[in-house]
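Student: Please pick one part of this structure and go through it closely. I would like each term explained as it comes up.

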Protein chains: 2
Amino acid sequence: MSNSSNTLAEAHALDRADPLSPLRDRFLLPDGLIYFDGHSLGPLPRLALINQREVVEDQWGRQLIGGWNDAGWIDAPQRVGAKIAELIGAKPHEVIVADSTSVNLFKLIVAASRLSSRGTLLTETDNFHTDRYIASGAAEITGLKLRMVPRAEIQDSLDPDTSLLLLTHVHYGTAERYDMAAVTKAAQEAGALTIWDLCHSTGAVPLQLNRDGVELAVGCGYKYLNGGPGAPSFVYVAEHLQDRLLSPLRGWMGHAAPFDFTTDYVPAPGIDRFLAGTPPILSLAALESAIDTFDGVSMQAVWEKSIALFDLFDRLMAERCPDLVCISPREPSQRGSHIAFRHPNAFEICQALIDQGVIGDFRAPDVIRFGLTPLYLRFEDVWTAVERCAEIADSRSWDQPRFSARRKVT
Amino acid sequence: MSNSSNTLAEAHALDRADPLSPLRDRFLLPDGLIYFDGHSLGPLPRLALINQREVVEDQWGRQLIGGWNDAGWIDAPQRVGAKIAELIGAKPHEVIVADSTSVNLFKLIVAASRLSSRGTLLTETDNFHTDRYIASGAAEITGLKLRMVPRAEIQDSLDPDTSLLLLTHVHYGTAERYDMAAVTKAAQEAGALTIWDLCHSTGAVPLQLNRDGVELAVGCGYKYLNGGPGAPSFVYVAEHLQDRLLSPLRGWMGHAAPFDFTTDYVPAPGIDRFLAGTPPILSLAALESAIDTFDGVSMQAVWEKSIALFDLFDRLMAERCPDLVCISPREPSQRGSHIAFRHPNAFEICQALIDQGVIGDFRAPDVIRFGLTPLYLRFEDVWTAVERCAEIADSRSWDQPRFSARRKVT
């Protein structure tokens with residue numbers, strides 16, 4: 001047997017031993033496609049397909065306006081929030097689904113800035129760009145100074161003027177992960193609040209927000225939660241802070257009595273005050289089905305399989321495609337659930353893989369990312385991806401690196 | 001023949017002569033239900049039912065991440081915005097779909113406040129409550145003073161300190177309508193910009209935003225546009241103002257080059273800068289289908305039928321239920337597309353009507369509203385509603401007025 005047959009047999013053995021393998025059937029995956037892009041857009045859960053028909057045809061179509069009460073639309077932000085809370089180690093009433101990550105970040109930065117007279121909003125120079133953009137707008141409005149420093153300097157940059165620390169828990173590019181408990185504690189000791197962006201963490205790595213003393217967070221519905229394109233986002237606010245924070249977006253859904261039409265805005269008690277306008281129910285319903293798809297799944301088991309997928313990917317790639325250099329941390333506690341490689345021709349390799357039905361994604365200038373999503377990926381898929389990669393690398397003489405950035409929603 | 005047989009025959013004749021009657025088939029309406037609540041949540045367009053299946057199963061399910069480009073998700077905010085523009089007398093690039101009405105109002109108030117050194121945001125005391133709540137939050141952030149005056153005093157209250165005038169074009173309760181061109185002009189002459197909330201206007205009354213000199217507006221997708229529960233909202237910014245306004249919500253989708261991951265926020269040219277985060281595609285797709293349902297329909301013809309529905313409703317109600325007092329303006333140019341009645345037992349009457357399959361809605365303390373939606377309502381429906389109302393009024397001896405407000409999304 002060739003080496004590659006050996007490793008295929010090994011991958012099959014891992015799949016046979018995988019306790020999560022039956023979960024793959026909970027998703028609709030196109031035949032012949034190997035999907036490593038779940039860190040950008042999760043695939044369609046079967047439950048979402050079934051329920052979306054019901055939401056559209058039976059609820060909207062037949063219950064019409066009555067759907068707000070009878071189909072439970074009105075409580076969906078809280079209900080789905082509570083389901084997410086279970087996945088991230090929070091109390092049910094500490095999470096609510098609303099708006100987009102960008103809008104939710106804005107709410108939290110502006111609201112939290114008012115708790116302190118300090119003047120600086122600290123973030124990472126290489127934080128995800130929408131976080132930095134939103135932070136710049138929120139800083140301008142609140143009078144905060146936006147200070148951006150490299151990752152390695154974050155903790156040393158906490159000073160007596162730091163009001164807020166805004167960080168993305170898992171880096172969208174490299175998959176580097178902060179030590180959430182340690183960083184939150186360091187910020188607390190420096191007198192600052194931390195806002196965590198959990199877009200690349202939720203549904204991917206085990207999270208214990210309460211245990212780790214997390215105060216504020218936002219997260220994404222459409223990546224590892226598989227909530228569908230542009231699924232609504234969520235906000236987490238630790239119980240003890242909820243009534244001290246006031247969202248700048250005082251929409252009626254965040255009012256203490258939205259249906260009383262009172263003259264003045266009275267913020268709802270608790271997490272509800274972080275709602276603004278009427279939520280997009282069709283998208284929210286798909287997110288709910290997607291989260292129900294995690295039913296009975298332990299995030300610890302998901303994470304253990306993610307580690308095993310990473311290890312296989314890393315090892316096979318090192319053997320078969322040594323020119324693709326892994327830039328994700330090898331120590332599991334220091335990374336999220338994707339693996340990223342650097343290669344001067346990353347763009348061409350990524351395109352050639354896509355042409356062969358292996359969907360990863362490219363990040364300029366020279367990175368390929370593969371999302372490791374244990375609910376539906378097999379070890380065999382990792383083997384196939386590496387084999388195809390090797391064939392591509394072997395068969396081509398590369399021109400100068402070139403890429404034309406395609407519009408791509410991460 | 002009884003009087004009521006005469007009027008039924010008359011209603012049938014009006015239906016036979018109605019050039020819009022074939023449009024009813026474009027909607028899925030439950031058997032036996034007469035739906036006068038399209039001003040709260042429009043019914044399900046058949047096209048939305050068909051397309052939602054395609055968006056979920058074929059686009060999300062099969063195209064996965066490729067859907068952003070291949071299924072045109074990425075351009076949906078602009079594409080659907082341009083379709084709305086056609087219904088409201090705006091240029092295609094002056095309208096974009098994003099977020100909720102509440103969030104969009106916030107963007108416009110904060111952005112527009114920066115164009116002037118004046119200090120007052122003027123609105124109507126009885127403006128829709130989320131508008132007032134959002135205005136209060138935006139005023140606090142911008143340092144504007146929020147001044148609320150009764151409807152009749154709006155124009156006289158424009159003064160040299162008025163920076164912005166925020167008004168809802170059609171009143172959610174009474175259906176009173178402002179003269180958009182005249183009010184906008186008066187504000188302009190006073191040196192103020194006007195932001196129009198078109199929630200109860202879009203898809204209901206003829207709008208000519210460009211002709212009427214409108215500078216800024218927001219509107220709702222789920223009422224007369226029939227876009228589904230919580231459908232995304234839209235923003236209109238007149239061409240000449242677009243590059244002078246900067247949204248406080250600087251999400252990546254409003255960036256000049258969202259996929260270049262540049263360090264600094266550079267607002268997109270034109271209307272695109274009013275996008276924030278990733279849009280909820282399933283809800284946005286339903287809205288697009290709903291707007292496509294207006295294909296070939298002239299808003300003038302819609303409005304003419306609305307007038308005829310109103311006149312019949314008003315006349316029959318005056319004959320059969322004189323105790324229900326019409327509080328909507330009888331002059332068509334002064335109202336929107338619903339009819340509202342006052343009665344001390346409005347709550348009980350509304351509930352009894354709903355029990356009999358006639359869906360209107362109640363507004364505390366004593367108002368019933370009936371949405372007049374020419375795309376799918378028949379003159380016969382008006383006749384039936386009034387007949388049932390008369391039966392209810394005849395058969396009951398009312399207790400003291402009482403109602404228990406139900407949670408209800410307008």
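**From the chain contacts to one helix**

Tutor: In this model, 65 residues of chain A are in contact with 65 residues of chain B, where contact means that the C-beta atoms of two residues, placed from the backbone, lie within 7 Å. On the side of chain A that touches chain B, 37 residues are nonpolar, 19 polar and nine charged. Here Ala, Val, Leu, Ile, Met, Phe, Trp, Tyr, Cys and Pro count as nonpolar, Asp, Glu, Lys and Arg as charged, and the others, Gly among them, as polar.

The model is predicted: local features need pLDDT of at least 70 and side-chain atom pairs count only at pLDDT 80 or more, while totals for chains, interfaces and linings use all residues. Residues are numbered from 1 along each chain as its sequence is written, and chains are lettered from A and ligands numbered from 1 in the order in which they are written.

Now the close look, at helix 8 of chain B, which covers residues 180-189. Helices (H or I, at least four residues) and strands (E, at least two) are DSSP runs, numbered from the N terminus. The buried residues of helix 8 of chain B are B:Met180, B:Val183, B:Thr184 and B:Ala187. A residue is buried if 20 or more other C-beta atoms, placed from the backbone, lie within 10 Å of its own, exposed if 12 or fewer, and partly exposed in between.

Seen down the axis of helix 8 of chain B, these buried residues fall within an arc of 100°, so they line one face of the helix. The arc is that of the directions from the helix axis to the C-beta atoms. An α-helix has 3.6 residues a turn, so residues three or four places apart point the same way.

The buried residues of helix 8 of chain B pack against helix 7 (154-157), strand 7 (162-168) and strand 8 (193-197) of chain B. The face turned away from the buried side of helix 8 of chain B carries the exposed residues B:Ala182 and B:Glu189. Just after helix 8 of chain B comes B:Gly191, with a positive phi of about 85°.

A buried residue can also sit in a loop. B:Lys223 lies in the loop between strand 9 (216-219) and strand 10 (234-237) of chain B, and B:Lys223 counts as buried because it has 28 C-beta neighbours inside 10 Å. Leaving aside neighbours within four places in sequence, the contacts of B:Lys223 include B:His39, B:Cys199 and B:His200. The C-alpha atoms of B:Lys223 and B:Cys199 are separated by 7.3 Å.
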